[in-house]
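Hi everyone, thanks for making room for me today. I'd like to walk you through a model, starting with one small detail and then moving inwards. Let me put it on the screen.

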Amino acid sequence: MIPHATAAEAEAALGRAMTPAEAMWFHFSATMPDHWLFCHISFVLLLVYTLVPLPLLLLEKFAPAVVMPYKLQPLVRIPPAASLRCYRDAACIFLLSIGPLQLVYPAVVEVMDIRMGLPLPSAGEIVAQLVVYSLVEDYLNYWIHRLLHTKWGYDKIHRVHHEFTAPVGYAMSYSHWAENIILAILALAGPTIVPCHITVHWIWFSIRLIQGIDTHNGYNFPFSPTKIIPFYGGAEHHDYHHYTGGHTHSNFAPLFTYCDYIYRTDKGYRYHKASQAKLKKLGANSMEQGGGNAFCSGKED
């Protein structure tokens, strides 16, 4: 709750007029108890998870010709009913595993020194914090992901997530309840190291969820704005991880590709890419020579 009764008091404390964003935040949160502000994160994440995969799901159903040329595993078609069941199960797991964490979330936020008042952070501050959070979470997630692919970790926990060998957007959160909690804790590492405003907290978790949906959507769109992000793996990078099966040793990083490159866990993926490029070239040469067409895929783990 902002400790100012009026906008004039808030501006006097700031020593300047509030920006439009700060004025909106003041009117939204001035009389709202802190624990209600904390609880917004669950609603925001559930809303993002529900809405973001829907456009692609609708295009697959009603305009498949628009998206199918970009599908990474074109021979595998997930029926809409299966995607919706995935959403239902994942949403239930989310509510049952992450929901109870709301009971301790206020104490966690207090320890992390998350701000809720004014001023709001600048755009530059937000971007810098999000970059730090992404790098920290990506590195930690890489190693936890490798542990989940040990025999015990996979058999007891991670196998649920790998039920989708050709993932869809909703499969991002389709996992064991313990894995949901582990990943939520990892996402808190960055804000713990570099404290932020509660609004940045919401933005960070929303972006992380959107990124996870993007890497699980099963499509490699050449016009995606994520292509400009340095070292971003995207759906193509993570789809191979699901494609090779549960005991894969390739592509563990959730966001960037540098960990897989440094620790040599992208060898199978690079072999696969080289094989595809070679086959594509051979196919083009065969077509030029009137030799028909052929399809094959290289897969090594």
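Here is my opening question: why are Lys151 and Asp155 separated by about one helical turn? They sit 4 residues apart in helix H9, which covers residues 151-156, so about one turn of helix lies between them. Before I go on, please keep in mind that this is a predicted model.

Now, what do Lys151 and Asp155 form together? They form a salt bridge, and their closest N and O atoms are 3.1 Å apart. Lys151 is exposed, with a relative accessible area of 65%, whereas Asp155 is partly exposed at 32%.

That pair is one of 6 salt bridges in the structure. Let me show you two others.

In one of them, the side chains of Lys273 and Glu236 meet, with 2.4 Å from N to O. This pair links distant parts of the chain: Lys273 belongs to helix H15 (residues 267-288) and Glu236 to helix H13 (residues 234-243), with the two positions 37 residues apart. Both partners are partly exposed: Lys273 has a relative accessible area of 31%, and Glu236 has 21%.

The other one joins Glu22 and Arg16, whose side chains meet at 2.8 Å, N to O. Is Glu22 buried or exposed? Glu22 is buried, with a relative accessible area of 2%. Its partner Arg16 is partly exposed, at 36%.

Let's turn to the inside. The largest nonpolar core has 45 residues. The residues with the most contacts inside this core are Trp25, Phe26, Leu118, Ile198, Phe205 and Leu209. Which elements give two or more residues to it? They are H2 (20-29), H3 (34-51), H6 (80-97), H7 (105-111), H8 (123-148), H10 (177-187) and H12 (198-215), every one of them a helix. H12 gives the most, with 7 residues.

Phe205 is a good residue to click on. Leaving aside neighbours within four places in sequence, Phe205 is in contact with Ile41, Leu45, Ala184, Ala187 and Leu188. There is also a second, separate core, made of 5 residues, including Val67, Met68, Tyr219 and Phe221.

Next, the helix pairs. The axes of H3 and H12 come within 10 Å of each other and cross at roughly 20°. With an angle under 35 degrees counting as roughly parallel, H3 and H12 are therefore roughly parallel to each other. H3 passes H12 in a right-handed crossing. On the H3 side, the contact is made by Leu37, His40, Ile41, Val44, Leu45, Val48 and Tyr49. H12 answers with His201, Trp202, Phe205, Ser206, Leu209, Ile210 and Ile213.

And how do H3 and H6 run, roughly parallel or roughly antiparallel? Their axes come within 11 Å and cross at roughly 170°. Angles over 145 degrees count as roughly antiparallel, so that is how H3 and H6 lie. Here H3 makes the contact through Ser42, Leu45, Leu46, Tyr49 and Thr50. The H6 residues in the contact are Cys86, Tyr87, Ala90, Ala91, Phe94 and Leu95.

If you'd like one residue to follow on the screen, try Leu45: it takes part in the contact between H3 and H12, and also in the contact between H3 and H6. Thanks for listening, and I'm happy to rotate the model for anyone who wants another look.

Notes:
Residues are numbered from 1 along each chain as its sequence is written. This is a predicted model: local features need pLDDT of at least 70, side-chain atom pairs count only at pLDDT 80 or more; totals for chains, interfaces and linings use all residues. Side-chain values use heavy atoms; hydrogens and water are left out. A nonpolar core is a set of buried Ala, Val, Leu, Ile, Met, Phe, Trp, Tyr and Cys residues joined through side-chain atoms within 4.5 Å. Buried means under 20% relative accessible area, exposed over 50%, partly exposed in between (1.4 Å probe, protein chains only). Contact means heavy atoms within 4.5 Å. A salt bridge is a side-chain nitrogen of Lys or Arg within 4 Å of a carboxyl oxygen of Asp or Glu. Axes are lines fitted to C-alpha atoms, for helices over the stretch in contact, and angles run from 0 to 180 degrees between N-to-C directions. Angles under 35 degrees count as roughly parallel, over 145 as roughly antiparallel, 65 to 115 as roughly perpendicular and the rest as oblique. A crossing is left-handed if the near helix is turned anticlockwise from the far one by less than a right angle, and right-handed if clockwise.
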